[in-house]
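Biologist: I should like to go through this structure with you, one element at a time. Please give the reasoning behind each answer.

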Amino acid sequence: MASFKPTKVQVYPKLGEKVTQDTLYWKNYKAPLHIKEFGAITNIDFSPVAPHNFAVTAFTRIHIYGPFSQEPVKSFTRFKDTAYCGRFRSDGQLLVAGCEDSVVRLFDVSGKVALRMFKGHTKAVHVADFISDRYQILTGSDDYTCRLWDLPNATELNTYQEHTDYIRCGVASKLNRDLFITGSYDHTLKLFDARVDKSVMTMDHGQPVESLLLYPSEGLLVSAGGRNVKVWDLLKGGQPLVSLKNHHKTVTSLCLSSSGQRLLSASLDRHVKVYNTTNYKVVHNFDYAASILSLALAPDDESIVVGMTNSILSVKHRKSLEDSKEISGQQRRRPLYRVFVKGKNHVPKQDDYLVSKPVKQHLAKYDKQLKKFNVTKALDTALETWTRHRKPEITVAVMKELDRRGTLKNALAGRDEQALARLLNFLIGNVVDPRFAPVLVTAAEMILDIYRSVIGQSPVVDRQLLRLQELLEKEIDYQQDLLEVMGMLDTMFASSFPRMEVPCPGISRANGLAGGDGITSRPQIQAT
C-alpha cells in the first residue's frame, strides 16, 4: 500500500522588509535590559558630561544609573510626594526636580540632601530646567504660572501668568539666556523673553501639549500633544512647517539623535517612531510592551532608554564590534562527528553501501484526519482560530485537497449555526484575495447550494451572507473599473506610438499586386 502523501500547502512569496541604512543603524542594538522601578517613569535625562549617567524620575524617587549599570549608582528619596522632571545642569554637577507638593529642589549629584528648596508655586511643579547661564532655573506648574529663580540667592526673579491651564512642559534656550518656551494644556506654546514681562510669541498646537524640543540651531521648535507632532519655524514668527500624525494615541515624549538628523517620538500606543528631519518620513519603528511616558537617547546614540506606565525601564545598548563577531561565531555550525572520525576530505568509495534509517513521517492534525477519511474533522481542524487568522493558506490547501478528492461538499454539509458562521467569516475575509479566490469561490457556491433551504432561520448567518454578497458585488465593480482603465491605457499607448510602414518590394501601391505576376500587360497604342 502506498504511503500517505501530506497535503501540499502552497508557499506564497512574501514582500520582504526594505532594508535601508536607517534600518541597519537602528536595529543594531542588543536585547533590551528591563529594570523595575517603584512607579510610572515620567522623565529620563542624560548627563551631558561623560560617562553620561542618566536620571530616572519615578514616583517619589530619582535614581541615577551608570551607562551599563543595572542598579542605581545614586538615589534621591527626600521627596514628600511624587517627583517630576529631574534634569541635569550642563556641567553634570547639579540636578533640579519638581514635586507634587509644589516645592522645587536642587541637588548636588555627589550629595544626598537638597542644596536649595524653592517655594512659591501653589500646585504641582511638572517643569524644571536650567537656564543656559547655569545660575537660573525655569519652572512651570499646575497653578498656570512659570517662574524664574536665582540659584545663588534662592530667590524668585519673575513670574509669568499667561497660560490658562496646566503647564506640563518647557524648554530653555541653550544659546540665549533670556529665552525659554512653555507648553500648556490650554493648547498653546509661548515664547518668553526674560527682559520683558510678557510672552513675545504664541503658537496654537490644537491639543494639550505634552512635550517640547528645540533643535540645536534653535530655529525650529517641535511640539507634541494629542496624536500630533508639529514643527514650528521660530525665525518666521512661529509659522507651522509640518504636522505629523503617525501615532494612534497621545504622544508623550520627544528627543533628537546625536547628529540632529533623526527625530524620535514616543507615545501611549507603545511605539517609538524615528523620523528623517529632511522630509519627516518615518524611517524606523520600535515596539514596546506597555504605554511609553518618557524617552531619552544617549550621546552618540549608544543607548535608548524608555520609561513605561508599568514601572519598567527599558534600556537598549548599541552592539559593539566585538559583540557582532561573537554573534557571527555562534552562528557557525559545529562539525559533525564523522568529520572527526573520517577526516574533512573523506570521499566514499565506489563499493561502499549507504545504510539509511527510515525517516518517520510527522503529519499535521488535518493530515491525520484526512488519512482516516474524516473530511469534516479535517476541515474543522484547518478552520481553528490560529490557523485561519495566521495561516489562511493552510485552510485553503485543505479545501483544495478535499475538492480534488471530491469530498468538499460532504465536509461543508451538516454544520450548525456556529460552525457555519465561522466558515462564512473565513470566506468573507479571504474570498477576494487573488491567491485564494479560485478555491474559495467554489466553496462559496457549494455552501449556497447546501444551505439554501435554511436561509432566513438564523439572523447571524443571514447577515454574513449579505456581507458576502456586498463584498462580491464591490469586487465585481472594481474588476469592471479596472478593465475599463486597461482599455483606456491600451488606446493611449496605441495612439502614442507612430505608425510605421513595412516596405514590400515588387508590390504595387495602387492595387497591391506585383507587376508581371500572372497579369498580361496591354500594348500601348501610340497615336499617329
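The questions below concern strands and helices of this model, which is predicted.

Biologist: In the open sheet with the order β2-β3-β4-β5, which strands are the edge strands?

Modeller: The four strands of this open sheet pair in the antiparallel sense. From one strand to the next, the twist averages 15°. An edge strand pairs on one side only, and here the edge strands are β2 (41-46) and β5 (74-76).

Biologist: Which residue in β5 does His 63 stand opposite?

Modeller: Strand β4 (residues 61-65) is joined to β5 by three bridges, and the two run antiparallel. The residue in β5 that stands opposite His 63 is Ser 75.

Biologist: In the open sheet with the order β14-β15-β16-β17, why is one side of β14 and of β17 left without a neighbour?

Modeller: The four strands of this open sheet have antiparallel pairing, and the twist averages 20° from one strand to the next. β14 (167-172) and β17 (199-204) stand at the edges of the sheet, so one side of each lacks a neighbour there: each has a single partner strand.

Biologist: Which residue in β16 stands opposite Thr 182?

Modeller: Strand β15 (residues 179-184) and strand β16 (residues 188-193) run antiparallel and are joined by five bridges. Opposite Thr 182, the residue in β16 is Lys 190.

Biologist: Is strand β20 (residues 228-233) largely enclosed or largely open?

Modeller: In a regular strand, side chains alternate between the two faces of the sheet. In β20, Asn 228, Lys 230 and Trp 232 lie on one side and Val 229, Val 231 and Asp 233 on the other, and all are buried. A residue counts as buried under 20% relative accessible area. Six of the six residues of β20 meet that condition, so the strand is, with respect to the rest of the structure, largely enclosed.

Biologist: In the hairpin of β19 and β20, which residue takes a positive phi?

Modeller: Strand β19 (residues 220-225) runs antiparallel to β20, and six bridges join the two. Within this pair, Val 222 stands opposite Val 231. The hairpin has two residues between its strands, and the residue with a positive phi, near 65°, is Gly 226.

Biologist: How many residues lie between β20 and β21 in their hairpin?

Modeller: β20 pairs with strand β21 (residues 239-244) over five bridges in the antiparallel sense. The bridge partner of Asp 233 in β21 is Gln 239. In the turn, Gly 237 has a positive phi of about 75°, and the number of residues between the two strands is five.

Biologist: Does the span of helix α7 agree or disagree with the span expected from its 14 residues, and what is the distance between its end C-alpha atoms?

Modeller: At 1.5 Å a residue, the 14 residues of α7 should span 20 Å; the span in the model agrees, because the end C-alpha atoms are separated by 20 Å.
After the helix comes Gly 406, whose phi is positive, near 80°. The distance asked for is therefore 20 Å.

Biologist: How many residues of α7 are buried, and what covers them?

Modeller: α7 is mostly covered, with 10 of its 14 residues buried. The buried residues include Pro 392, Ile 394, Val 398 and Leu 402. What covers the buried residues includes α4 (365-371), α5 (375-382), α6 (385-390), α8 (408-412), α9 and α10.

Biologist: At what angle do α7 and α10 pack?

Modeller: α7 passes α10 in a left-handed crossing. The contact involves Val 396, Met 399, Lys 400 and Asp 403 of α7 with Val 439, Leu 440, Thr 442, Ala 443 and Met 446 of α10; by class, six of these residues are nonpolar, one is polar and two are charged. The axes of helix α7 (residues 392-405) and helix α10 (residues 437-450) are 10 Å apart, and the angle is about 65°.

Biologist: How far apart are the axes of α9 and α10?

Modeller: The crossing of these two helices, α9 and α10, is left-handed. In α9, Leu 420, Leu 423, Leu 424, Phe 426, Leu 427 and Asn 430 meet Leu 440, Ala 444 and Ile 447 in α10; eight of the contact residues are nonpolar, one is polar and none is charged. Helix α9 (residues 417-430) packs with α10 at an angle of about 145°, and the distance between their axes is 11 Å.

Biologist: Which helices do the buried residues of α11 pack against?

Modeller: Helix α11 (residues 459-496) has 38 residues and reaches 55 Å from its first C-alpha to its last, close to the expected 56 Å. Its buried residues are Val 461, Asp 462, Gln 464, Leu 465 and Leu 468. The helices against which these buried residues of α11 pack are α9 and α10.

Conventions. Residues are numbered from 1 along each chain as its sequence is written. This is a predicted model: local features need pLDDT of at least 70, side-chain atom pairs count only at pLDDT 80 or more; totals for chains, interfaces and linings use all residues. Side-chain values use heavy atoms; hydrogens and water are left out. Axes are lines fitted to C-alpha atoms, for helices over the stretch in contact, and angles run from 0 to 180 degrees between N-to-C directions. A crossing is left-handed if the near helix is turned anticlockwise from the far one by less than a right angle, and right-handed if clockwise. Contact means heavy atoms within 4.5 Å. Ala, Val, Leu, Ile, Met, Phe, Trp, Tyr, Cys and Pro count as nonpolar, Asp, Glu, Lys and Arg as charged, and the others, Gly among them, as polar. Two strands pair if DSSP finds at least two bridges between them. The expected span of a helix is 1.5 Å times one less than its number of residues. Buried means under 20% relative accessible area, exposed over 50%, partly exposed in between (1.4 Å probe, protein chains only).
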